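Here's a quick briefing to read with the model open in your viewer. Pull up the sequence alongside, and we'll go through it topic by topic.

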Amino acid sequence: MTSFDTSPQLNVWRALLALAVVFVMLATTGWTALRHQRHPAPLQASLSAWEHGRIAGHRLPDPQSAPARLARFFASLTEGQRASLARRYPLAVGNMNGAPVQLRYLANRIALGQAREIELERLHDKRLTASGQHQAGRRMNRLEALMHPGRKILAFNPSGPGRVAEVFGDLREAERVSVVVPGVDTDLLTFQRTHREYAAPVGMAESLYAAERDADPTTRTAVIAWADYTAPSGLGMDAATAMRAEDGAHRLDAMLRGLPGKTPVSLFCHSYGSVVCGVAAHGLPDRVTDIAVAGSPGMRVEKASQLRTGARVWAMRDADDWIQDVPNLELGGLGHGADPVAVGFGARVLSAREAKGHAGYFEPGTDSLRNFAEIGVGAYRAVSCAHEDDICRADLSGTTATGRA
């Protein structure tokens, strides 16, 4: 259980939360960022090897090239050459925006296997403490689960707490794509859970994918569980500032620009994930038609218009979500700005009935999930507003599967 996912048990806790957050910010200044900083050695080593590599006598392109440039490079290769690169540089290819998605799935499966072998060695390393061996065993189990047949891993980085992105559906054939952007305490070990499954990225994405098919079985959709950024750990300084969000926003934008096709994309951003989406909003590609936030502490702006995006901005918050007690302010870099569900913010405010707290927005049977699914398939006129005036549906022309209404 994590601090952002756990509902308070005592009413007095909720009453004092706003004050407690301020003290936590001050008490942990500088500590959280330093404590959790990791060096992404394996991925960097793979990228470095790529930079010195060749194929058919020619140098390989800069791995940081624009996705379109990398897509053209891979398209110029034979199937055998592409597979050879995936085997030689699995982490580089598996995380390369612009590489064919099927090749990324292959490369990441190889990288997961290599990472599993490392954790297996650590599990039996007598130099590690019992706690260290236990942690190695947990990571090994998670890596094995990600390697199960049929799983489509779009990104994987084993360094530090670990980063992962997984696809549900067929990205190449999808008519609409949804991206779930989770919040704090998201890493390799929390990417998927058995208990409270819909509070983890995999459960969120699977639930949304199923709900979209229920909402419109005729529209081909794909959903990405995107945990490919270093999320804050707990209610520390990282969660109170935009430092992690700025890096996440850059990575989110790069991933979106590397997706195949030109189909519309909707972002579903939970908790601190909404900070990531807010920071990213102004620079996102035009194919992003919707940004929906749930349980948001703020999007780093005072009004939706300041996001400088052509996408529709939606917001929701369950009545029992403790995030409402966090101060909506931004002062000296601390805090994330105005409340997205406030009338003056300017978002389209959706119903979140039955969501039950901060971690329940993707639970089956909730208004929140149904609303996400309707947005995901482009059925905008079918969403349920938070208020009886139906203002969240104003100026919407109806159901669309190909662009902004």
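**Two loop residues with positive phi**

Ser-271 is buried, at a relative accessible area of 2%. Keep in mind that the model is a predicted one.

- Ser-271 sits in the loop between β7 (265-270) and α12 (272-280).
- Its backbone is a bit unusual: Ser-271 isn't a glycine, yet its phi is positive, at about 55°.
- For background, most residues other than glycine have a negative phi.
- Glu-354 is another non-glycine residue with a positive phi, near 75°.
- You'll find Glu-354 in the loop between β10 (348-349) and α13.
- Is Glu-354 buried or exposed? Glu-354 is exposed, with 52% relative accessible area, whereas Ser-271 is buried.

**The chain as a whole**

- The chain is built with 13 helices and 10 strands.
- It runs to 405 residues, and 57% of them count as buried.
- Take the contacts between residues at least 6 apart in sequence: 69% of these join residues at least 24 apart.
- About 17800 Å² of the chain is exposed, and carbon and sulfur atoms supply 52% of that area.

**Helix α4 and its two sides**

- Which residues of α4 (residues 67-75) are buried? They are Pro-67, Leu-70, Phe-73 and Phe-74.
- Those four span an arc of only 120° around the axis, so they end up on the same side of α4.
- The general rule behind this kind of pattern is that an α-helix has 3.6 residues a turn, so residues three or four places apart point the same way.
- Flip to the other side of α4 and you get Arg-72 and Ala-75, both exposed.
- Several elements help cover the buried residues of α4, including α3 (41-51), β1 (54-55), α5 (79-88), α7 (101-123) and α11 (243-257).

**Leu-85, a contact hub to click on**

- Leu-85 belongs to helix α5, one of the elements covering the buried residues of α4.
- Leu-85 is buried, and its relative accessible area is 0%.
- Which residues does Leu-85 touch, not counting residues up to four places away in sequence? The answer is Trp-50, Ile-55, Leu-60, Phe-73, Phe-74, Leu-77, Pro-90 and Val-93.
- Phe-73 and Phe-74 should look familiar, as they are among the buried residues of α4.
- From Leu-85 to Arg-54, the C-alpha atoms are 9.4 Å apart, with their positions 31 residues apart in sequence.

**Two helix pairs**

- As a reminder, two packed helices are described by the angle between their axes and the distance between the axes.
- α7 and helix α8 (residues 130-146) cross at roughly 155°, and their axes come within 8 Å.
- α7 and α8 are therefore roughly antiparallel to each other, and α7 passes α8 in a left-handed crossing.
- On the α7 side, the residues at this meeting include Leu-112, Ala-115, Leu-120 and Leu-123; on the α8 side, they include Ala-136, Met-140 and Leu-143.
- How do α9 and α13 (residues 367-377) compare on angle and distance? They pack at about 65°, with axes 8 Å apart.
- That angle makes α9 roughly perpendicular to α13, and here the crossing is right-handed.
- Ser-207, Leu-208, Ala-211, Glu-212 and Ala-215 are what α9 brings to the meeting, while α13 brings Leu-369, Phe-372, Ala-373, Glu-374, Gly-376 and Val-377.

**Two more loop residues**

- Tyr-198 is in the loop between β5 (176-181) and α9 (201-215).
- Its C-alpha is 6.9 Å from that of Gly-360, although the two residues are 162 apart along the chain.
- Setting aside neighbours within four places in sequence, Tyr-198 is in contact with Gly-203, Met-204, Ser-207, Ala-359, Phe-362, Glu-363 and Pro-364.
- Ser-207 turns up again here, as one of the α9 residues that meet α13.
- Where does Thr-309 lie? Thr-309 is in the loop between β8 (288-294) and β9 (312-316).
- Thr-309 counts as partly exposed, at 26% relative accessibility.
- Beyond neighbours within four places in sequence, Thr-309 is in contact with Ala-281 and Ile-291.
- Thr-309 and Asp-286 are 23 residues apart in sequence, and their C-alpha atoms are 8.7 Å apart.

Definitions and conventions
Residues numbered from 1 in each chain as written. Predicted model: local features only at pLDDT ≥ 70, side-chain atom pairs only at ≥ 80, totals over all residues. Heavy atoms only, no water. Buried < 20%, exposed > 50% of the residue type's maximum accessible area, 1.4 Å probe, protein only. Arc of directions from axis to C-beta. Contact = heavy atoms within 4.5 Å. Areas by Shrake-Rupley, 256 points an atom, 1.4 Å probe, with all protein chains shown as cover. Axes fitted to C-alpha atoms, helices over the stretch in contact; angles between N-to-C directions. Parallel < 35°, antiparallel > 145°, perpendicular 65-115°, else oblique. Left-handed = near helix turned anticlockwise from the far one by under 90°.
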